[in-house]
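Subject: Structure handover

Hello,

Here is the structure you were expecting. My notes on it come after the files.

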Amino acid sequence: MSKQIRSVKSIRELVGEEKGFRIAIEIEGNEEGVIKAGFETSFTLGDAIVPAKLGKFTAFNADGREVVRKDLPKESVSRMVWGASRDWHGNIHTGLRRRTFEMYPREWEAAPEEHFYIAGDGAKKYVVSRGLSFSKNSEQEVLFLVNLFLETFGDYIVLDEKLANFNGVKIKKLNWAILPEGEHPFERVESFVDKIASDMSDGDKKVVGYRISTILSHKPDFVAVGRGGFHGYVVMGFAKKNLFVLESPIFGNATYVFDGEWEDVSKLTKKQILTNQLHKFRFVHSSKWRADIRQILM
């Protein structure tokens, strides 16, 4: 994932305007980054810090920054500097000097001092941001916090107010549409299938629902709906296994499983992927399909 983003449009589409959320990272698997951010190894619930300065976002967050006003005329400014001079006898003397410069005016932009917090849901511990919502916070506030997490950890997730993974989806910068607000595949598979297979018979929808439910039961880290060459396909990503399962609601098609550079593969059309055999597994929708899926995801 990129260490910087320029838009939070995908997050806004995911959580909507009113619902509260937090930017976060799960501590398990990211312990080194959490310690580097400044937390103690105990990862005690309730601990809070201004994260360590690791780059431009964290440095600004901790220290603030000077803003050069090039829209204003230059002004004379005297500064104390350490310099050297030579006396009449050729001897060099060093010490404090005061020099005058012509420079653009500077304004100081105060440090946001955003904190990271240790929080938990009973089973897992997270580093989280303060509570946010698009009805109360600007996109720039959310964007800054996301970039703080990216600069510190290289990744982030979005949690709801109860610290559950929002919509069961881990945010990824992919050429796929993240499931929209309200479509929770783990609890409302039928509603989800109705949307992506609206032109199918009820019987075919049930088959699609079975396949998608089977894959979702293994708790993927993110779910996305394909565009372009994979229009109508659903991606379920299993980051720890480095596997990405593509399922199609088109009856009679196959399930494709990829590993490695998923973001590169996701930019290709289905034809390019199949022609070059870039998939790791291809499981035809047969009687042994469920066993095939179980074998690679368990």
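The notes below cover a sheet, a helix that lies across it, a buried arginine and some loop residues.

Please keep in mind that this is a predicted model.

Sheet and helix

Five strands form an open sheet in the order β2-β7-β8-β1-β9, and the pairing is antiparallel. The edge positions belong to β2 (48-49) and β9 (157-160). Each of these two has a single partner strand, so one side of each has no neighbour in the sheet. As general background, strands of a sheet pair through backbone hydrogen bonds, either parallel or antiparallel.

Within this sheet, β7 and β8 (residues 125-128) run antiparallel and are joined by four bridges. On that pair, G120 stands opposite K125 in β8. Helix α4 (residues 139-153) lies across β1 (21-26), β7 and β8. Its direction is at about 5 degrees to that of β1.

Helix α6 and the loop after it

R211 lies in helix α6. Is R211 buried or exposed? R211 counts as buried, because its relative accessibility is 3% and the cut-off for buried is under 20%. What does its side chain contact? The side chain of R211 makes a polar contact with the side chain of E247, at 2.5 Å.

K219 sits in the loop between α6 (202-216) and β11 (222-226). With 66% relative accessibility, K219 counts as exposed, since the cut-off for exposed is over 50%. K219 and G237 are 18 residues apart in sequence, and their C-alpha atoms are 9.0 Å apart in space.

Positive phi values

Most residues other than glycine have a negative phi. Two residues to look at in this respect are E113 and N242.

- E113 is not a glycine, yet its phi is positive, at about 50 degrees. E113 is placed in the loop between β6 (106-109) and β7 (116-120). Its relative accessible area is 46%, so E113 is partly exposed.
- N242, also a residue other than glycine, has a positive phi near 55 degrees. N242 is found in the loop between β12 (234-238) and β13 (243-247). At 35% relative accessibility, N242 counts as partly exposed.

The loop that holds E113 leads into β7 (116-120), and β7 is one of the strands that α4 lies across. The loop that holds N242 leads into β13 (243-247).

Regards

Note on methods
Residues are numbered from 1 along each chain as its sequence is written. This is a predicted model: local features need pLDDT of at least 70, side-chain atom pairs count only at pLDDT 80 or more; totals for chains, interfaces and linings use all residues. Side-chain values use heavy atoms; hydrogens and water are left out. Buried means under 20% relative accessible area, exposed over 50%, partly exposed in between (1.4 Å probe, protein chains only). Two strands pair if DSSP finds at least two bridges between them. Contact means heavy atoms within 4.5 Å. Axes are lines fitted to C-alpha atoms, for helices over the stretch in contact, and angles run from 0 to 180 degrees between N-to-C directions. A polar contact is a pair of N or O atoms within 3.5 Å; within protein, one must be able to donate a hydrogen and the other to accept it, and residues adjacent in sequence count only if both atoms are side-chain atoms.
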